[in-house]
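Hi,

Here is the structure I promised to pass on. Please have it open while you read; my notes follow below.

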Amino acid sequence: MMEYLYAFLTGGAICVVGQILMDATKLTAPRVLVLLVSAGAVLQALGLYEHLVEFAATGARVPLPGFGYNLARGAMEGAEQGLLEALTGGVKAAAGGISVAIGWGYLMAVIFNPKSVR
């Protein structure tokens, strides 16, 4: 039961940080997105984000910094095998999540017939 609480609180805290960045600064949503993904990659490169993932599991993997963490982890693991794997490791590590997001996005668009925002 505590794992759910840790995941919820950690994921929520990450989202609160993103919302505060958008509300308290003049940063736009895409810039905050890039900042959070980059922060996850940098924290993984420093060996810090892995501890957060061990603590909060999905609560740290699902938000935007988790995507950066996943890319960096894949690149770091690939670098142990050679230069080509270092360049493609991040994409390989994130391919499953990206595929699921595209697949579900497409399915929801087919089911719900989305309208353009004007």
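Let me start with one helix pair: the axes of helix H2 (residues 29-45) and helix H5 (residues 64-79) come within 7 Å of each other and cross at roughly 40°. That angle makes H2 oblique to H5, and the crossing is right-handed. Please keep in mind that this is a predicted model.

Which residues meet there? On the H2 side they are Leu-33, Leu-36, Val-37, Gly-40, Ala-41, Gln-44 and Ala-45, and on the H5 side Leu-64, Pro-65, Phe-67, Gly-68, Tyr-69, Ala-72, Arg-73 and Met-76. By type, the residues of this contact between H2 and H5 split into eleven nonpolar, three polar and one charged.

Next, the aromatic rings. Searching the whole structure turns up two aromatic pairs. In one of them, Tyr-49 and Tyr-69 have ring centres 5.3 Å apart and planes at 35°, so the pair counts as tilted. This pair links distant parts of the chain, with Tyr-49 in helix H3 (residues 49-56) and Tyr-69 in helix H5, 20 residues apart. Are these two tyrosines, Tyr-49 and Tyr-69, buried or exposed? Both are buried.

Finally, the chain as a whole. It has six helices and zero strands, giving the pattern α-α-α-α-α-α along the sequence. Its C-alpha atoms fill a box of roughly 45 × 35 × 30 Å along the principal axes. Of the 118 residues in the chain, 23% are buried. Among contacts between residues at least 6 apart in sequence, 49% join residues at least 24 apart.

Best wishes

Definitions and conventions:
Residues numbered from 1 in each chain as written. Predicted model: local features only at pLDDT ≥ 70, side-chain atom pairs only at ≥ 80, totals over all residues. Heavy atoms only, no water. Axes fitted to C-alpha atoms, helices over the stretch in contact; angles between N-to-C directions. Helix = DSSP H or I, 4+ residues; strand = E, 2+ residues; numbered from the N terminus. Parallel < 35°, antiparallel > 145°, perpendicular 65-115°, else oblique. Left-handed = near helix turned anticlockwise from the far one by under 90°. Contact = heavy atoms within 4.5 Å. Nonpolar A, V, L, I, M, F, W, Y, C, P; charged D, E, K, R; others polar. Phe/Tyr/Trp six-rings, centres within 6.5 Å; stacked < 30°, edge-to-face > 60°. Buried < 20%, exposed > 50% of the residue type's maximum accessible area, 1.4 Å probe, protein only.
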